[in-house]
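This briefing goes through one protein chain by topic. Please look over the sequence and the model before reading the points.

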Amino acid sequence: CVSIFFVEFQAHFGADYSSTAWIHSLVDCTTMLCAPVGSLVGNRWSCRVAVVLGGLLSSCGLLLSSFATSLELLYLSMGVLTGLGFALCYTPAIAMVGCYFQRRKALAYGIAMSGSGIGTFVLAPAVQVLIELYSWRGALLILSAFVANLCVCGALLRPIALREDEEEVEGERGESVGEARLGNVSSQDAELAVKLSQESEDSLLSSGKSSSPSSLSPLPLLSGNPAPQLKRRRYFSSCFLSSKEYRFLLLPDFLGLAVSFLFLASGCSLPFVYLVPYALSVAVSHQQAAFLMSILGVIDIVGNITFGWLTDRRCLKPYRLACYVFSVGMEGLCCLFTPLLCSFSLLVPFAVLYGYFDGAYVALIPVVTSDLVGAPYLSSALGVVFFLHAIPYLISPPIGG
């Protein structure tokens with residue numbers, strides 16, 4: 001809904017299209033650029049912590065934006081701070097869907113990601129009314145309070161433990177109890193030592209001598225003052241596990257998909273930025289221009305859900321990547337005919353078609369990524385995928401303006 005404020009910012013600050021478009025570019029760019037940060041926070045702590053923190057930052061960004069006295073301040077408050085908050089919310093929330101659903105993953109992602117379309121459909125006319133009643137400053141103040149509800153949504157995210165993880169934890173606890181009976185040490189120390197000895201098997205800093213788990217004895221680690229040694233092993237093991245999270249970057253299929261994201265992101269955001277200003281430039285009223293954004297949003301929802309449902313069918317499930325390419329191609333074809341659309345009646349079909357295929361490809365991004373890298377690496381992979389959208393999102397709207 002940032003594009004609804006486009007004309008208001010331009011009129012209030014006396015700026016041109018390109019300077020005003022930097023606000024929307026910075027929001028999208030920061031959201032995507034900091035997506036790996038959202039993945040990191042979600043992996044290290046929890047998705048709940050990431051979303052609550054993101055809700056606080058984005059709400060504060062909109063609150064500060066309502067007091068902005070220049071475009072430069074809007075660049076920082078709305079562009080950077082709000083975008084960072086959205087980044088912390090977006091990636092962990094999307095990755096969490098893949099942990100809950102396996103059979104109908106595409107449909108689940110379609111329903112989850114339809115929330116952005118619902119927001120566009122509902123908020124576009126609502127924000128226009130708020131601007132008319134309270135000016136753009138009052139509208140941003142109200143939106144700040146509305147976005148603060150992300151903290152509530154984050155608190156409702158229920159952590160889930162996979163069955164395999166639970167079995168591993170139970171096995172480690174059983175081993176630690178058995179080892180604790182062999183020596184005069186506490187069960188907690190034994191459990192910690194067993195975990196560290198198991199992690200040291202995979203560490204790059206190991207001596208290279210292969211040894212079976214049964215030959216590893218955790219008790220010598222506890223002799224004397226083991227604290228420095230335990231801390232060093234825990235630190236290096238954590239660093240090594242962090243590097244293993246990104247081993248999917250060596251997959252050729254993922255690299256090809258990553259290149260496609262760079263070209264795709266260069267053009268997919270332009271209609272969301274310039275649809276309202278373009279409609280106003282061809283003598284469409286403010287209410288009709290806002291209604292075009294509502295159409296774009298509601299059809300985006302339809303694309304999310306229907307394409308997710310279709311690609312979960314047995315006949316299309318092996319061809320999800322081809323469906324993704326088809327939806328992206330149709331988006332480009334819609335944009336190709338945009339200069340010929342000079343009335344509200346012609347812009348409505350554009351909003352319908354573009355909204356549908358945009359919802360389709362957005363729903364398929366996490367599905368295709370999950371099919372390529374697998375569920376264990378999905379959160380980190382989504383962070384990289386959204387990161388690749390950052391630079392195109394930053395430069396394409398000002399270039400388009």
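Is Y90 buried, partly exposed or exposed? Y90 has a relative accessible area of 29%, so Y90 is partly exposed, since buried means under 20% and exposed over 50%. The model is predicted, and the values below were computed from it. The protein chain holds 17 helices and 0 strands. Of its 401 residues, 44% are buried.

**Overall fold**

- Among contacts between residues at least 6 apart in sequence, 79% join residues at least 24 apart.
- The largest nonpolar core has 78 residues.
- The residues with the most contacts inside this core are F5, F9, Y324 and Y361.
- Helix α6, residues 105-147, gives the largest share of the core, with 14 residues.
- As background, nonpolar side chains in soluble globular proteins tend to be buried together.
- Y361 is in contact with L264, C268, Y324, S327, V328, E331 and Y393, with residues up to four places away in sequence not counted.

**Aromatic pairs**

- The structure holds 13 aromatic pairs.
- One of them joins Y90 and F386; this pair is tilted, with 5.0 Å centre to centre and 55° between the planes.
- Y90 lies in helix α5 (residues 71-100) and F386 in helix α16 (residues 378-388), so this pair ties together parts that are 296 residues apart in sequence.
- The two partners are set apart by their exposure: Y90 is partly exposed, whereas F386 is buried at 3% relative accessibility.
- Another pair, F261 with Y324, is edge-to-face, with 6.1 Å centre to centre and 75° between the planes.
- F261 belongs to helix α11 (residues 252-268) and Y324 to helix α14 (residues 320-336), so the pair ties together parts that are 63 residues apart in sequence.
- Both F261 and Y324 are buried.
- Y324 is also among the residues with the most contacts inside the largest nonpolar core, and Y324 is in contact with Y361.
- F5, F9, F13 and W136 are linked into a cluster by ring pairs.
- Two members of that cluster, F5 and F9, are also among the residues with the most contacts inside the largest nonpolar core.

**Cavities**

- How many cavities of 30 Å³ or more are found in a search of the whole structure? The search finds 2.
- The largest cavity has a volume of about 60 Å³.
- Its lining is made of I4, V7, E8, Q128, V276, L280, H286 and A289.
- Two or more lining residues come from each of α1 (6-13), α12 (270-281) and α13 (286-310).
- By type, the lining of the largest cavity has 5 nonpolar, 2 polar and 1 charged residues.
- The second largest cavity holds about 30 Å³ of space.
- V2, F6, F9, T20, A21, I23 and H24 line the second largest cavity.
- Helices α1 and α2 (17-33) each supply at least two residues of the lining of the second largest cavity.
- The largest share of that lining, 4 residues, comes from α2.
- The lining of the second largest cavity has 5 nonpolar residues, 2 polar and no charged.
- F9 thus appears in more than one topic, because F9 lines the second largest cavity and is one of the residues with the most contacts inside the largest nonpolar core.**Single residues**

- S39 lies in helix α3 (residues 35-44) and is buried, with a relative accessible area of 1%.
- Leaving aside neighbours within four places in sequence, S39 is in contact with T91, S379, S380 and G383.
- T82 lies in helix α5, and at 1% relative accessibility T82 counts as buried.
- What does T82 touch, not counting residues up to four places away in sequence? T82 touches S58, G61, L62 and S77.
- S135 is placed in helix α6 and is partly exposed, with a relative accessible area of 37%.
- S135 and S66 are 69 residues apart in sequence, and their C-alpha atoms are 10.0 Å apart in space.

Note on methods: Residues numbered from 1 in each chain as written. Predicted model: local features only at pLDDT ≥ 70, side-chain atom pairs only at ≥ 80, totals over all residues. Heavy atoms only, no water. Core = buried A, V, L, I, M, F, W, Y, C linked by side-chain atoms within 4.5 Å. Buried < 20%, exposed > 50% of the residue type's maximum accessible area, 1.4 Å probe, protein only. Contact = heavy atoms within 4.5 Å. Phe/Tyr/Trp six-rings, centres within 6.5 Å; stacked < 30°, edge-to-face > 60°. 1 Å grid on protein atoms, 1.4 Å probe; cavity = no way out; pocket = protein on both sides within 12 Å on 5 of 7 lines; lining within 4 Å. Points joined across faces, edges and corners; volume = space filled by probe spheres on them. Nonpolar A, V, L, I, M, F, W, Y, C, P; charged D, E, K, R; others polar.
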